[in-house]
Amino acid sequence: MIKLWFIAAFIMTIISCNTASKTTVGIHIEGANSDAKSRIVTKDSTYEVALDSTGSAVIVLGDNLKANYATINYGRLKIPVYIEPGKSFEVSMKFEGRRVIPTFTGEGAKKNEYLNSDIFKSFSPDFKADEDAFIASLAELQNKYYTNLDSLGFDASFNQLEKKRLHYVAYNLLPNYPSYHPYYTQDTSYKPSDRLYEEIKAAVQEDETLIDMEIYQAALVGLVESYSYKDMEEYDALLFAKKQLDFVQSNFTNPVIIEFLINKTATAYIGRSGVDHLDEIAPIFNAKVTNVDMKTKFDELCAKWAKIAKGQPSADFKYLDINGKEVSLADLAGKYVYIDMWATWCGPCCGELPHLKELEHKFKAKNINFVSISCDQDKAAWEKKVKDDKLEGIQLHNGGNNEFMDAYMVTGIPRFILLDREGKIVSADMSRPSESKTVETLNALEGI
């Protein structure tokens, strides 16, 4: 029965579009929303199509199609596929809880079954292991992947490209070790060896031909971040960004890879921290990035952040507190306002709560309000957390109204904001309660 929708969909596509010589991808999603859309994202193009009442669609790929990796996207779901000219295939996706089970048929099915096989889900990295053992486990994993690939009888050109991808599937984990090992072992005295950093650098090579591959991009970023964080005693967003920019310029030679990493670093920093230090980031960006699309997006991002730069009036909010009383930003005029945007399900958010309590006690007699705004969908969970943990300050729930978060372009929590006594922005990305510089910043405020 499942196959029937493919037959019907292909007949309709052939009749309406004359796709007999085209490369097509049939998609069927069990339980799909009637108004949902699905996309195929290739290296050069994005194809989007609405699913019909049965959750099915056929996407016709372009004539200039080249063999390469792609993804099929549906909402937050993303599954890897390999697209080849003339090799059409169909995929049916079934959800089991949060897991999706894709089933492939057609001429292009075999490689896509392989890309979605369980072999890529069976490895669990042991970050508690010592450095030598962890490095050895990645080498063993890569060999396992290579042996499996060689047994499947694919063509040599695919195997050559796939082995490059498999290398980074395995070794993409290595740049995480310096920060993950002390977390999992609770060994605060651990200091990564120079050999470990040498292994990270050796594992991630410059290869312009892979720059559109997500796993390779992640490995490049991991390499840069691990080296840039190496000697930082306490995290500082601006310093971290500048160290990354310096590392890229000092350690890479390929202009395409340099451009990718400079754009990635500068955009990530501005996206998180705003334009208060744009003069320290923009000159490097402008010198190394020539891609028109990258430059346009960077300029648009800067323009958005200019609206919430230091000295700009803050967006207003009007939310109910834990007792059901409406509180707006205007009600807090005359005092500085330190805002925490958080949720009960957010581990890092809850990790900051004891530090926030301590901060509130230190500044209890000062001219400042501490405001916590929850974005929990489960209001009852928020109420329970506030009462059980005896959270202090002004506790607000946004009731599903994210306009204030959107105004500050919040893409991750916790997020902290500091406003002056007139409701103007001091910092749209204020340091956390756990950071020592937070007390220093607050103590330096005029009239605090």
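The following exercises, with worked solutions, concern a predicted model.

**Exercise 1.** Determine which strands are the edge strands of the open four-stranded sheet.

*Solution.* Begin with the order of the strands, which is S4-S1-S7-S8, with mixed pairing. Next, consider on how many sides a strand pairs: strand S4 (56-60) and strand S8 (99-106) each pair on one side only. The edge strands are therefore S4 and S8. Finally, neighbouring strands of this sheet are turned by 20° against each other on average, direction ignored.

**Exercise 2.** Describe how strand S7 pairs with S8.

*Solution.* Locate strand S7 at residues 89-96. Its pairing with S8 is antiparallel and extends over eight bridges. Within S7 and S8, Phe89 can be found opposite Gly106.

**Exercise 3.** Classify the aromatic pair formed by Phe247 and Phe252, and state whether these residues are buried or exposed.

*Solution.* The ring centres of Phe247 and Phe252 are 6.3 Å apart. Rings count as a pair if their centres lie within 6.5 Å, and planes over 60 degrees apart count as edge-to-face. The angle between the planes is 75°, so the pair is edge-to-face. Both Phe247 and Phe252 are buried. In the whole structure, a search finds 27 aromatic pairs. Elsewhere, one aromatic cluster is formed by Tyr69, Tyr82, Tyr114, Phe120, Tyr145, Phe154 and Phe158.

**Exercise 4.** Identify the rings over which the charged ends of Lys201 and Lys230 sit.

*Solution.* Take Lys201 to begin with: its charged end sits over the ring of Tyr227, at 4.9 Å from the ring centre. Then take Lys230: its charged end sits over the ring of Tyr197, at 4.7 Å from the ring centre.

Definitions and conventions. Residues numbered from 1 in each chain as written. Predicted model: local features only at pLDDT ≥ 70, side-chain atom pairs only at ≥ 80, totals over all residues. Heavy atoms only, no water. Pairing = 2+ DSSP bridges. Helix = DSSP H or I, 4+ residues; strand = E, 2+ residues; numbered from the N terminus. Axes fitted to C-alpha atoms, helices over the stretch in contact; angles between N-to-C directions. Phe/Tyr/Trp six-rings, centres within 6.5 Å; stacked < 30°, edge-to-face > 60°. Buried < 20%, exposed > 50% of the residue type's maximum accessible area, 1.4 Å probe, protein only. Lys NZ or Arg CZ within 6 Å of the ring centre and 35° of its normal.
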